[in-house]
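Trainee: I would like to learn how to read a structure by starting from one part and working outwards. Could you take me through this one slowly?

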Amino acid sequence: MSPEASDFLYPFIEREETGAESLLTDLATSASGKWAQSTKLRLDTLAALGPEIRATAAAMAERFGAGGQLFSFGNGGSSTDALEFARVLTRPPWGTPVPARSLAVDQAVLTAISNDVGFEIVFSRQLIAYARPGDIALGFSTSGNSDNLMAAFAEARKRGMLTIGLAGYDGGRMGASDDVAHCLTVRSDSVHRIQEAQAAVAHALWDALQTELRQEGAA
């Protein structure tokens, strides 16, 4: 018998299981376990990255105060994180809005560059077109190894931009690269848990940025 398509999602469910009650119990146990893992990882990550998040926020506030803007980018699920971060910066629920733009949102630009030149420079080409010295480049990646992000960071550093990466695992190439000034790494080998924790890190970074902007406004 061939494996079910959902086996990788629910490996604990036996193929011959037919009772609804036991199946629901297994699903509830799985969900509870994943929630506990996610919560612990988020709390541990925020505690470990607290000083670096504050230092990154201070560097961002300095760039915004000098008239800079932020460009965010990522692939796949990370592209939605990049878009959400740009949105919360430009339309915050409270506090000071700052200029930001997601490089993963324009379908015409993405497909044109990918088709005509190559996907590995889909973000760096946009930075060449839009960014200036003093701006900020922020990339999301679960692996920390995406070629197009590394190309974007290299271009950003060359142009005098502040470079920030959110990575998973051990940070990958982003964590080891001189092109990334601040790499906020979620130390996990689960893509799902990494992305959940990265969302918490991004929110903490935004909150720390708001604190910095308030302090600058009061000075």
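What percentage of the 219 residues of the protein count as buried? And could you then look closely at strand S5 (182-186) and show me what lies around this strand?

Mentor: Of the 219 residues, 43% count as buried, which here means under 20% relative accessible area with a 1.4 Å probe, while over 50% is exposed and anything in between is partly exposed, with only protein chains considered. The model is a predicted one, in which local features need pLDDT of at least 70 and side-chain atom pairs pLDDT 80 or more, while totals use all residues. Numbering starts from 1 along each chain as written, and side-chain values use heavy atoms without hydrogens or water.

Before turning to S5, it helps to see the whole chain, which has seven helices and five strands (DSSP runs of H or I with at least four residues and of E with at least two, numbered from the N terminus). Read along the sequence, these elements follow the pattern α-β-α-β-α-α-β-α-β-α-β-α.

The five strands make up an open sheet with parallel pairing, and their order in the sheet is S2-S1-S3-S4-S5 (a pair needs at least two DSSP bridges). S5 therefore stands at one edge, as strand S2 (100-102) does at the other, because each has a single partner strand and is left without a neighbour on one side. The partner of S5 is S4, and the two run in the parallel sense over five bridges. You can find this pairing residue by residue, since Gly-165 has Cys-183 as its bridge partner in S5, and Gly-168 stands opposite Val-186.

An edge position might suggest an open strand, yet five of the five residues of S5 are buried, so this strand is largely enclosed by the rest of the structure. The cover reaches both faces, with His-182, Leu-184 and Val-186 buried on one side and Cys-183 and Thr-185 buried on the other.

S5 also supplies at least two residues to the largest nonpolar core, as do helix H1 (20-65), helix H2 (77-90), strand S3 (136-140), strand S4 (162-168) and helix H7 (191-218). This core has 34 residues (buried Ala, Val, Leu, Ile, Met, Phe, Trp, Tyr and Cys joined through side-chain atoms within 4.5 Å), and its largest share, 10 residues, comes from H7. The residues with the most contacts inside this core are Met-60, Leu-70, Phe-85 and Leu-209. A second core, separate from this one, has 23 residues, among them Phe-71, Ile-113, Met-150 and Ala-167.

To see how such packing is built, follow Leu-70, whose partners beyond four places in sequence include Met-60, Phe-64, Phe-85, Leu-89 and Ile-136 (contact means heavy atoms within 4.5 Å). Leu-89 belongs to helix H2 and counts as buried because its relative accessibility is 0%. Besides Leu-70, this leucine touches Thr-96, Pro-97, Val-98, Ala-100, Trp-206 and Leu-209, again leaving aside neighbours within four places. Leu-89 and Arg-101 lie 12 residues apart in sequence, and their C-alpha atoms are 9.1 Å apart in space.

Finally, a buried residue need not be a nonpolar one, as Glu-155 in helix H5 (residues 147-158) shows, because its relative accessible area of 11% makes Glu-155 buried. Beyond its neighbours within four places in sequence, Glu-155 is in contact with Ser-124 and Ile-128. Across the whole protein, 67% of the contacts between residues at least 6 apart in sequence join residues at least 24 apart.
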